[in-house]
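Thank you all for coming; I would like to take a few minutes to walk through one structure. Please hold your questions until the end, and keep the view open while I talk.

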Amino acid sequence: MNMLEVSGLTKHYPINAGILRREVGRVRAAEDVNFTISKGETLALVGESGCGKTTVARCILRALKPTSGAIRFSPADGEMVDLAPLSKRQLRPLRRHIQLIFQDPYASLNPRMMVGDIIAEPLLVNGVASAERHRRVMELLDLVGLPAAARTRFPHAFSGGQRQRIGIARALALNPRVIVADEPVSALDVSVQAQIINLLLDLQEQLGLSTLFVAHDLGVVRHVSDRVAVMYVGRIVEVAPTVALYATPRHPYTQALMSAVPKADPLMRDAAAAPIGEVADPANPPPGCAFNPRCPFVVDRCRTERPVLRDVGAGQLAACHRAEELTLAGVG
Amino acid sequence: MVENSLPLVSVRNLAVEFTQHGGGPVRALDSVSLDLRPGRVLGVVGESGCGKSVTARAMLRILDRNGAIKNGQILLDPGTPQQTDITALPGEGNRMREIRGGRIGLIFQEPMAALSMQYTVGNQLMEAIRVHNDPGKAVARERVIKLLTDVGIPRPETRIDTYPFQLSGGLRQRVGIALALAADPDVLIADEPTTALDVTTQAQILALLRRLQVDKQIALMLITHDMGVIAQMADDVAVMYLGRVVEFAPVNEVFGAPKHPYTQALLRSVPNLRAPPHSRLATIGGAVPQPNARPSGCPFHPRCPDMMPGRCDTTAPAPVPPGQAGASCFKVEDAARVAADVKVEVRA
């Protein structure tokens, strides 16, 4: 059963110039993005900065209004609602079902609120009675591995990892049906990052969460996700089950991304060949496939005709004209 | 093992303290010793607060105003007639200015920290060249174009007249590297040079650093929190924790047979591209303590799985002897002693 069905999601930002502030161009932050997340599944959205992964996440949270497309979400089993056209008022009763885990545990907690109040805030807003709030806060603190005494302390007393636990407890307070986690561990030290990844894995198992996991670190993504969608300049270029994507990438950009990750093994040096050039400008993407100026396998067709995301076998989707003929290197 | 060429810089027993507003001094570095050798890359790795950046800043005498070197030496050209102790020089003096940039270049994590918005790329690079050894304006401009070419910036003749904010993050870091190399230093400190960059850009910048370092036989000190970057780049590795070098060894030993419990735990906690789906990572309990709440004894003992009560929590193990592979840990000391005893017995 699908919890979330995103289809044709597009978000453009106008570029205005001149004294009349006329629109002179558009930043195509997200272009025709399609994916689904089923119940209990974690889909990772990966890509480099500016690829549109955060824009997609914010559209799903309806912090942004998409330019076009549909975001169908299941607020209760058997029901589907399109969030894209809804007004603020219409969204309000639905917001409790989709919660966000932030990247920066230092910026996302109010320094003047006690931890218990931070976690209870979503409950308060949704009219949960005081005694029940208290019970739920204690339950949540325990769930994310914080001592009960944390309730009456302020965020500054906690380390980065503990703060991220507080943010996770707040996101879980209302038993959301979908979690959007935007780079939840990228601000943390390695040893602490491992603790939070394990916590997220435990929570996935215990609560059967459906998660959109936005990240740039392919190592982290490997541990937490069931499927991975790779974005490049506003579009999804490949979607596949995690193990298949790493073992047999079908889009040259996926391969480039994986080979660029520095492997923590000094015996595997210089195997990585960095892709040439830079990420294309989403306000002015090259014609055809956006990756064509950097792609080692480019042919004339790639410069004129944009490849569509299509099934290339074994449950993998890739947007590459040459997906069938290329044999790309994965990481085992 | 570590090559025996004379180091260009030897840090010996360096201690740095910061005074805190309304509090006692906070020790940021405790008896740190390191050697930078020509043509070699020393990787310095550790989590936040371990003192890796403070070490770099002390070596250039650009510590924040509330920080001071309390002990130790930073020797430039040790063992030669020109040997200079950087800690003994006035921080703002002419000699230190010559060394900064002229002998020891610095690459920052965020290139915008090193570059001004108000001046063009060419202006800033020309200034860096002319401050150290002025060849005249025209020659300096030629040199800048050569530098920009060296660091892989396309169309250097036009890019020389752009402002840093007009460049992408990757190009900016290339300019940052050009700036560090402007006065042709033989020692280069790169403090998290790729942390702010995307992974494909990171791969390009690391390849560039590697090429320049080999071509010019630079002694490179590469500071990072990323074990992957260390594995790809370093010849020797210093692992730091709470202001101390807890382990020092050639890169293959650090990854193949790590000795210190912290190094071992750190390596196990790195996410793996080949991990089975939903597999848990090994974790280190707790978090890095605040520097003003430094544990007694070995600074790692509260998080250490091999902690020996009554020993690790009371006395700090001896620092790793400079220039030798080893770990600052009682467990490792004991193991070495047992091995030595066995050897003696066999001989007897």
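I will begin with chain B as a whole, then turn to the strands and helices, the core, the contact between the chains, and a few backbone details.

Before anything else, please keep in mind that this is a predicted model, and that every value I quote is computed from it.

Let me start with the overall picture of chain B, which contains 12 helices and 11 strands. Its C-alpha trace spans about 70 × 55 × 55 Å along the principal axes. A compact globule with 348 residues would have a radius of gyration near 20 Å, and because chain B has 21 Å, the two agree. Of the 348 residues in chain B, 45% are buried, and when we take the contacts in chain B between residues at least 6 apart in sequence, 64% of them join residues at least 24 apart.

Staying in chain B, look at strand β6, residues 104-107, where B:I104 and B:L106 point one way while B:G105 and B:I107 point the other way, and all of them are buried. This strand pairs in the parallel sense with strand β7 of chain B, residues 187-191, over 4 bridges, and within that pairing B:I107 has B:A190 as its bridge partner.

Moving to chain A, there is an open sheet of 8 strands with mixed pairing, and the order is β6-β7-β8-β3-β9-β10-β12-β11. The edge strands are β6 (98-101) and β11 (310-311) of chain A, each of which pairs on one side only. For β11(A), the partner is strand β12 of chain A, residues 317-318, which runs antiparallel to β11(A) and is joined to it by 2 bridges; A:R310 has A:A318 as its bridge partner there.

Strand β1 of chain A, residues 2-17, takes part in two antiparallel pairings that I would like to show, one with strand β2 (residues 22-38) through 12 bridges, and one with strand β4 (residues 68-73) over 5 bridges. If you want residues to anchor the view, A:L4 stands opposite A:I37 in β2(A), and A:E5 has A:R72 as its bridge partner in β4(A). The hairpin of β1(A) and β2(A) has 4 residues between the strands, and in it A:G18 takes a positive phi near 80°.

Now to a helix: in α3 of chain A, residues 115-125, the buried residues are A:V115, A:G116, A:I118, A:I119, A:A120, A:P122 and A:L123. Their cover includes α4 (130-143) and α5 (160-172) of chain A. After α3(A) comes A:G127, with a positive phi near 70°.

That brings me to the core. In soluble globular proteins, nonpolar side chains tend to be buried together. Here the largest nonpolar core has 193 residues, and those that touch the most other members are A:I60, A:L212, A:V230, B:V9, B:L125 and B:A178. Since domain 1 (2-251) and domain 2 (252-332) of chain A both contribute residues to this core, it lies between them. Leaving out residues up to four places away in sequence, B:A178 touches B:L125, B:L147, B:L148 and B:V151.

How many residues of each chain are in contact with the other chain? On chain A there are 38, and they are in contact with 40 residues of chain B. The elements of chain A that give two or more residues to this side are α6 (190-207), α7 (218-224), α8 (242-247) and α9 (252-260), and α6(A) gives the most, with 8 residues. By class, the side of chain A that touches chain B has 20 nonpolar, 11 polar and 7 charged residues.

One residue worth a closer look is A:Y246, which sits in helix α8 of chain A and counts as buried because it has 22 C-beta neighbours inside 10 Å. Beyond its neighbours within four places in sequence, A:Y246 is in contact with A:R222, A:M258, A:G330, A:V331 and B:L273. A:Y246 and A:G330 are 84 residues apart in sequence, yet 5.3 Å apart in space from C-alpha to C-alpha.

Finally, two residues other than glycine have a positive phi that you may wish to inspect: A:D32, near 50°, and A:R62, near 55°. A:D32 lies in strand β2 of chain A and is partly exposed, with 17 other C-beta atoms within 10 Å. A:R62 is found in the loop between α1 (53-60) and β4 of chain A, and with 19 C-beta neighbours inside 10 Å it also counts as partly exposed.

Conventions:
Residues numbered from 1 in each chain as written. Chains lettered and ligands numbered in written order. Contact = placed C-beta atoms within 7 Å. Nonpolar A, V, L, I, M, F, W, Y, C, P; charged D, E, K, R; others polar. Buried ≥ 20, exposed ≤ 12 C-beta atoms within 10 Å, placed from the backbone. Pairing = 2+ DSSP bridges. Rg over C-alpha atoms; globule rule 2.2 N^0.38 Å. Core = buried A, V, L, I, M, F, W, Y, C linked by C-beta atoms within 7 Å. Domains from an automatic or database assignment.
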